[in-house]
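Student: I'm new to this structure and would love a close look at a single part of it. Could you pick one strand and walk me through its surroundings?

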Amino acid sequence: MSPALPPPLEQWFAARGWQPRRHQLEMLAAARDGANTLLVAATGAGKTLAGFLPTLADLIEAPADGLHTLYVSPLKALAVDVQRNLLTPVAEMDLDIRVETRTGDTPSDRKARQRVRPPQILLTTPESLSLLLSYPDSRLMFENLQSVIVDEIHAFARDKRGDLLSLALSRLQALAPQLRRIGLSATVAEPDAYRSWLAPDADLDAVRLVKGDPGADPDLSILIPENRIPWSGHSGYHAVRDVMQLIEKHRTTLIFCNTRGLAELTFQKLWAVNDQSLPIGIHHGSLAVEARRRIEAAMADGKIRALVATASLDLGIDWGDIDLVIQMGAPKGSSRLLQRIGRANHRLDEPSKGMIVPGNRFEYLEARAALDAIDDGELDPETFRPGTLDVLAQHVLAVACAGPFDEAELLNEIRSAAPYAGLKDETFREILGFVSTGGYALKAYDRFRRIVEEPSASGHWRLSKPTIAQQHRMNAGVIVEQPLLDVRFKGGRRLGTVEEGFASTLSPGDHFFFAGLSLEVERIKDTDIIVHASKKSARIVTYGGQRMSMSTHLANRVRNMLADRNDWHRFPDDVSEWLEVQSERSLLPEPHQLLVETFPHEGRHYMVAYSFEGWNAHQSLGMLIAKRMEKAGLKPLGFVANDYGLACYGLEPVTDPQSLFSADILEREFVEWVERSYLLKNAFREVAVIGGLVERQHPGKRKTGRQVSFSTDLIYDVLRKYEPDHLLLRAAWDDARTRMTELGRLVRLVDRAAATMVHVEVDRITPMAVPLMVIVGREAAPEGSADEALLVEAEALAEEAMRLE
């Protein structure tokens, strides 16, 4: 046993028959050197213990009160799970160490007590940490902090939650200069990029890289019932009986779905064939916290045979004895798939067992591409971007809530956060102006006056009035949900939330599936949907938001598969035949080419482009091309998109697709469309809420989603008219361009069209067009609806497409 471990830790390892792993001891050595570290180690390698080992050693060798270590996780559930697993060794070693969580679910009395008497180890989220830093006593709470552990660092470093956390780390470092930073992840493609993100002043050399030993290769396969894959659909529900048989054969099965709606659908489909009445649960972010905690506890106790879940359980959770993970539908990325499959066994030396259930033939190719990528050790590429201005504005106000600040000192502190290293002086002054007045067009309104410059000391700022702090804490955070309504039983028990858009389609007597139940609407009152349980068939709850798109490197692999006939022997017979007939009736594009087919069908003319750039880019381009078709007199009727292609249709044939895809579409129609569509207003609503311009809640009352939207729409119109270069309008444009439309992929698509388009005119529908054609006219249908009808229609289309004469 290594002498680096204090005796209680040595004895604890020995009592379990364990040896500390090399990377765990390296993490301990790095901490004793005072080094920041990034640990990249496979799931099951004891990453969490490695992260906490220096803390446990410190507190054993020098017991102390006060906050020693902050652990930051992207999920509330992960924080709770880590607390449960960390309490075990603490109790077994009989250590006087308190471990507590602080998230949005923590009761207010415990939150207040934690600030006065914090535990030695506090487990939290970026949002809760930012709120803690907004209190005047934060300096006392954090001044002796020794360590911050950022778990699953890949999950949020590159988004707005990462911006918020990075700013919080820079603030903590200013309060506690001795602070060590530790990052943990299993799926990082470019460790140096994360070392830079984690480091003070983005100095990657200030973060030591520790790599764990590789674990056992995962046992991955694709589930294909009766060697057949449907033409359409993306839920994988056609394999539900086979999935149920797998559940019966395994101890605990975790079933991942890509959306909350599909999770509800899959649960219902499984329940319908659960002949043995096995205990099956469902878990997603819209369920009430009580419901999530019940299912989490049941999983931890091994009382659940299967759990249907979304990304709410992607990360790190170590529950029960999971021995199989199933991905329903396309995996979308190799890193995400590896993360999910890693939930099985959770032991380094045993292979994690996982299966993918593709929903259609293109999804089969994507699943095969994901398995090949994992075999080759290729993870999803990672793109970092500069920090967003709305998050920075929120942080500046949080700092002011903690006490007066000097703008030069704060600017240096902010620049020490990697996403804001390049922040310009004038942009920072603009941020200060926005937080202090709302901007030029709004400065006449007192409600936007949140901070003021001290008249006697230039560059020193304080809150304009004490009530601003309370308002900030009630409204802070960077996750802006769509307007939500609570789903409640008549007796009052809350089941969770649905979005206002879905709720607006409901009337008394309607039925919908939620929380694994069929619910009948009794009435809708204010922000509550009052329901009772029913046994009638129901529709699936739908949620808005951006869909997950297939990653770029999986798209490239699928393109290569289509062109390489030597690969086809691995495919099921129906997939090989599908591609063979496609190559005879039209063509299969080379990896660098963009295939565009045009053909008539049932009195309409269709143009189908197979670009593999993801649903979000295709959806955006479809809107733009429809506008171009209208200007060209082609009388468009609509378009449909999936991850693999785009189909536009109208009353006139498209004879020159090249002109519809010309590069100036991104300068003309794109700008015009974004400015006129809901897209920019929706993006503005988010940045206005994050930036603190519009409040979701006031003391004693909460605004409805409609009220928030109304407020932001009014401000949006004022700024567009009087201050079009306003900070938040620029931030909204950035959001609309990047996050909502995946502009980079859109640009690549248009560039490829200009250089490599291959146009094939055919007399009728082609095999590759079938998965797109079957959703024409059903674009607005809820996920999973009318499944049988879709299959019948797909088979009819397929029969026509596969005919060779």
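Tutor: Strand β23, residues 594-601, pairs with strand β24, residues 604-610, in the antiparallel sense, and 7 bridges link the two. Please keep in mind as you look that this is a predicted model. Within this pairing, Thr598 sits opposite Met607 of β24. If you follow the chain from β23 into β24, you will see a hairpin with 2 residues between the strands. One residue to find in that turn is Glu602, whose phi is positive, at about 50°.

Now turn to another partner of β23, strand β29, which covers residues 757-761. Here the two strands run parallel and are joined by 5 bridges. Leu595 is a good place to start, as it faces Val758 of β29.

How much of β23 is buried? The strand is mostly covered, with 7 of its 8 residues buried. As you trace it, remember that side chains in a regular strand alternate between the two faces of the sheet.

For a wider view, look at the largest nonpolar core, which has 81 residues. The members that touch the most others are Val396, Leu621, Ile625, Phe661 and Phe684. Helix α15, residues 389-402, gives the most to this core, with 9 residues. Phe684 is worth a closer look too: leaving aside residues up to four places away in sequence, its contacts include Leu693, Ile715, Tyr716 and Leu728. There is also a second, separate core of 64 residues, with Val558, Phe571, Val575 and Trp578 among them.

Methods
Residues numbered from 1 in each chain as written. Predicted model: local features only at pLDDT ≥ 70, side-chain atom pairs only at ≥ 80, totals over all residues. Heavy atoms only, no water. Core = buried A, V, L, I, M, F, W, Y, C linked by side-chain atoms within 4.5 Å. Buried < 20%, exposed > 50% of the residue type's maximum accessible area, 1.4 Å probe, protein only. Helix = DSSP H or I, 4+ residues; strand = E, 2+ residues; numbered from the N terminus. Contact = heavy atoms within 4.5 Å. Pairing = 2+ DSSP bridges.
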